[in-house]
Amino acid sequence: MVTVVPIADRHAIKTVSFALEWRDPLQEDILTLLMALHPRVRDKLPRVLKQEEILFNVVVGPVEPERQAPAKPRLAGVMFDALQPNGQQAWALVVRKNFLVVSCHIYTRWNDIWREALELLTPFVPILAKERGISAIGLQYIDQFRVTGACDQFRASHLLREGSRFVPAHVFELEGLWNSHHGFFKQLAAPTAHRRLDNVNVDVVDVNNECLIQITTAHRALLDSPATDESSLLEPADGSRLHHHMVELHKANKKLLGELLNDTVCERIGLGGQQ
C-alpha cells in the first residue's frame, strides 16, 4: 500500500523564502553598504559569506595585448546565515545585484515566520527603496512529501486532486517519476496595482531509492510602479505595503495548494486552518 507523508508530519514545508527585487543591478559600493548592516541582524544570522567576482577583458587579435595587473576581486553579493545543530541552514539572508531573499528552513507557523523574516528585511529596505526602488515582492514555498513504497507504485492521485487545473490530466495516468511546470499571470489592483506571476512546479523524484514529491510554488507581485517610499513599505508593521503584499501572496499560496492537493492531504497538513 502506498502512503504519502509530509516531511514535517504536521506540514510539508521544507523552505519558505521572502524576496525583494529591483530592476537596475546594485553597484559594489551599495553592496558594501548593505554588507555593513550585518550588525543589525548578527544576533539571528551570525555567519557572513561574501561572493566575489573578477572582471577581465578577452582580446582576440594578431597582436599580443599588453600585460595588465591581475584584476582585483569585486563584491558581487553577500549571505548572512545561521546553522542548525546538524550543520544545515536554519535561516539565511542573501543579497545579490538584483534581489534580496530571506529563507527559513525551520518552518513553524506563518505569523511567526513572517514576523521574523520582516525583522531581517527591515534594515535593508530603506537603502534599497532609496537607491533602486522595489519592483517586485515575492514569496516561494518548497513542500516535500515522502512516499512509502517504490516510486513506480506512486500515482498522482495519492497526493493531488484529480481535475486540478494546475497540472495536466496526463499525470494521473503515469506510473513512477514525472514533472510538471506551469505558470500564469493575473492583474490585481490591491494592495497596490501589480501583476502577479504564479508558478507551480511538481517533481516526482527518486533520491537514494526513496520516492519524494517536491512542490515548488512561487508567487511574484510585479509592481506597476516601483516602491521608493520606505515608510509606506514598512510602517506600520502590520499595515505596511510590504506586509499586505506578503499576506496576499500567502493567501494565494494556500488557495492554490487547496486546489492542487487532495482532501486527505489537505486535512493531514491542516491546510484549511492557519499554517
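**Strands β9 and β10**

I started with β9 and strand β10 (residues 210–227) in this predicted model. The two run antiparallel, and 14 bridges join them. I picked one residue, D203, and looked up its bridge partner in β10, which is Q214. I then checked the connection. β9 and β10 form a hairpin with two residues between them. In that turn, N208 has a positive phi of about 55 degrees.

**Strands β8 and β9**

Next I went one strand back. Strand β8 covers residues 178–188, and strand β9 covers residues 194–207. I found 11 bridges joining β8 to β9, again with the strands antiparallel. For F184, I noted D198 as the bridge partner in β9. A hairpin makes this connection too, through five residues.

**Salt bridges**

I turned to charged pairs. How many salt bridges does the structure hold? I read off 15.

I looked at D9 and R268. Their side chains meet in a salt bridge, at 2.9 Å from N to O. I then placed both residues: D9 sits in the loop between β1 (3–6) and β2 (13–21), and R268 in helix α7 (residues 263–268). The pair links distant parts of the chain, 259 residues apart. Buried or exposed? I checked D9, and its relative accessible area of 43% makes this residue partly exposed. R268 is at 39%, so I logged R268 as partly exposed too.

Next came E53 and K97. Here the side chains form a salt bridge at 2.7 Å, N to O. Why do I say that this pair ties parts of the chain together? Because E53 lies in strand β3 (residues 47–53) and K97 in the loop between β5 (89–95) and β6 (99–104), parts that are 44 residues apart in sequence. K97 has a relative accessible area of 27%, so I entered K97 as partly exposed.

The third pair took me back to β10. E210 forms a salt bridge with R146, and I noted 3.2 Å between the closest N and O atoms. E210 is in strand β10, while R146 is in strand β7 (residues 134–148). They are 64 residues apart, and the pair links distant parts of the chain. I looked up accessibility for both. E210 comes out at 31%, so E210 counts as partly exposed. R146 comes out at 38%, so R146 counts as partly exposed as well.

Last, I looked for shared partners. I found R165, K255 and E259 joined into one network by salt bridges that share partners.

Conventions:
Residues are numbered from 1 along each chain as its sequence is written. This is a predicted model: local features need pLDDT of at least 70, side-chain atom pairs count only at pLDDT 80 or more; totals for chains, interfaces and linings use all residues. Side-chain values use heavy atoms; hydrogens and water are left out. Two strands pair if DSSP finds at least two bridges between them. Helices (H or I, at least four residues) and strands (E, at least two) are DSSP runs, numbered from the N terminus. A salt bridge is a side-chain nitrogen of Lys or Arg within 4 Å of a carboxyl oxygen of Asp or Glu. Buried means under 20% relative accessible area, exposed over 50%, partly exposed in between (1.4 Å probe, protein chains only).
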